[in-house]
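This report describes the interior of a protein chain: its core, its empty spaces and the surroundings of selected residues. The sequence and model are shown first.

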Amino acid sequence: MWKDAKYLLAYVAPLAAVLGIQWGGWWSPGALYVAFVMIPVLELVLPKSTENLTQAEEAKKGTDFFFDILLYLNIPILYGVLFFFFHTITTTSLSSGELFWMTLNVGVLVGTIGINVAHELGHRQTTYEQQMAKTLLLAALYMHFFIEHNRGHHRNVATDEDSASARKGESLYAFWFRSVFGSYFSAWKLEAERLQRLQLPAFHWRNAMIWYQLIQVSYLLGLGLYFGWAILPYAIGAAVFGFLLLETVNYIEHYGLRRRRLASGRYEKVSPEHSWNSDHELGRIFLYELTRHSDHHFKATRKYQVLRRFEESPQLPLGYPGSMLLSLVPPLWFRRMNKEVDRYAAAKEE
């Protein structure tokens, strides 16, 4: 149990976000310090963890409700921090710098304990957990992710048909544009196809995408009516920063990796070879094992606490936060990662 308590460290980021809002000034970036200073620096010196659970351990941990509670608590935490942020903006005199950094500070939470946890819950089979996922995605104004990720990305991953799989030589900024808009329109297409199979028109009341737009607009209207309309740029700013963090993670997770097209015209099955992984312990904890991404794509319903490491999975030279920072400078990213892509492709051919 004490070993499992390490996942409580994931709450350090929300705590830092709250302190950033409370104290202001140089503390305003809050969670940014944790995500992009503390973790990358520590991961340079801390040892990696390559162990997998035994079958007995996996069976026990896979049904332990403790790990589910850790996820569920992120809903009140996220919306509590958002409320505190909006309340502080409307009741406190803040400088433009404080407003800017606090918005990014809260955006870190929208992307991590928001979208990242929603990603985990969105793969669950229970209706209430899927609803939790959508509730978390609402703060990022990214509810379409529930459709596109589950029914689009997991089917087309590591192919040019997937907007969330970065191509070799594609900069992060070009990828942002392609993935943000591509995933949104793909979600509309997937819903239209689902309704067509039910012999219903695309613009039907059962189209989830229509409901998602209405819910998101209602969320913003509610914020405006309660806190005042001046709050909306900050709510939208935090949401945009949050989903850009998601897209940056998407970028590093599959950069340059491609599935082969078979003689039948179909792509080879998704395997642990089609995602970049990281064994850096801190990133694994703070992102609820998202960095063991190969096993997630191998079996999407496997819970985060029992994800496995595969020897054949390509490994990032840095942890996820460090890789995200590196990707912000395309020449440096290409210099480092294109060699890794080529080396891994050559190893597969041997």
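Two residues are in contact when they have heavy atoms within 4.5 Å of each other. The model discussed here is predicted.

**Arginine 292 and its surroundings**

Arginine 292 is placed in the loop between H12 and H13. Its relative accessible area is 4%, and because buried means under 20%, arginine 292 counts as buried. Leaving out residues up to four places away in sequence, arginine 292 touches Ser49, Thr50, Glu51 and Asn52, together with Asn277, Arg284, Leu307, Arg308 and Arg309. Between arginine 292 and phenylalanine 310 there are 8.8 Å from C-alpha to C-alpha, at a spacing of 18 residues in sequence.

**The largest pocket**

Glu51 and Arg284, both touched by arginine 292, appear again at the largest pocket, where Lys3, Lys6, Glu51, Leu53 and Arg284 are the residues that lie nearest the centre. This pocket has a volume of about 240 Å³, and its lining consists of 18 residues. By class, the lining of the largest pocket holds 10 charged, five nonpolar and three polar residues. Helix H3 (55-61) and helix H12 (281-286) each contribute at least two residues to this lining.

**Enclosed cavities**

Where is empty space left inside a protein? Rolling a probe the size of a water molecule over the atoms shows this. In the present model, six cavities of 30 Å³ or more are counted. The largest cavity has a volume of about 350 Å³. Its lining comprises 27 residues, and Gly111, Thr112, Asn116, Val249 and Leu287 are the closest to its centre. Helix H2 (31-45), H6, H8, H11 and H14 each provide at least two residues of the lining of the largest cavity. The largest share, seven residues, comes from H6.

The second largest cavity holds about 100 Å³ of space. It is lined by 16 residues, of which His119, Glu120, Tyr288, Leu290 and Tyr304 are the closest to the centre. Two elements, H6 and helix H13 (293-298), give two or more residues to the lining of the second largest cavity. Here too H6 gives the most, with four residues.

The composition of the three linings is set out below.

| Space | Nonpolar residues | Polar residues | Charged residues |
|---|---|---|---|
| Largest pocket | five | three | 10 |
| Largest cavity | 19 | seven | one |
| Second largest cavity | seven | four | five |

**The nonpolar core and helix H6**

The largest nonpolar core contains 94 residues, and Phe86, Tyr219 and Leu223 have the most contacts inside it. Helix H6 (residues 96-122) gives the most to this core, with 12 residues. Which residues does phenylalanine 86 contact, leaving aside its neighbours within four places in sequence? They are Tyr219, Leu223, Phe227, Ile231 and Ala235.

Threonine 103 is found in helix H6. Its relative accessible area is 8%, and threonine 103 is therefore buried, given that the limit is 20%. Apart from residues up to four places away in sequence, threonine 103 touches Phe85, Tyr234, Gly237 and Ala238.

**Helix H9**

Helix H9 (residues 172-197) has 26 residues, which at 1.5 Å a residue should span 38 Å; the end C-alpha atoms are 36 Å apart, in agreement with that expectation. Buried residues of H9 are Leu172, Phe175, Arg178, Ser179, Val180, Ser183, Ala187, Leu190, Glu191 and Leu195. An α-helix has 3.6 residues a turn, so residues three or four places apart point the same way. The cover over the buried residues of H9 includes helix H8 (145-156), helix H10 (208-227), helix H11 (232-254) and helix H14 (320-327). Just after H9, glutamine 199 takes a positive phi of about 60°.

**An exposed position**

Is threonine 127 buried or exposed? With a relative accessibility of 57%, threonine 127 counts as exposed, because the limit for that class is over 50%. Threonine 127 lies in helix H7 (residues 127-138). Its C-alpha atom is separated by 29 Å from that of arginine 309, which is 182 residues away along the chain.

Methods: Residues are numbered from 1 along each chain as its sequence is written. This is a predicted model: local features need pLDDT of at least 70, side-chain atom pairs count only at pLDDT 80 or more; totals for chains, interfaces and linings use all residues. Side-chain values use heavy atoms; hydrogens and water are left out. A nonpolar core is a set of buried Ala, Val, Leu, Ile, Met, Phe, Trp, Tyr and Cys residues joined through side-chain atoms within 4.5 Å. Buried means under 20% relative accessible area, exposed over 50%, partly exposed in between (1.4 Å probe, protein chains only). On a 1 Å grid over the protein atoms alone, a cavity is a set of points where a 1.4 Å probe fits but cannot get out, and a pocket is an open set with protein on both sides within 12 Å along at least five of seven lines; lining residues have an atom within 4 Å of a point. Grid points are joined across faces, edges and corners, and a volume is the space filled by probe spheres set on the points. Ala, Val, Leu, Ile, Met, Phe, Trp, Tyr, Cys and Pro count as nonpolar, Asp, Glu, Lys and Arg as charged, and the others, Gly among them, as polar. The expected span of a helix is 1.5 Å times one less than its number of residues.
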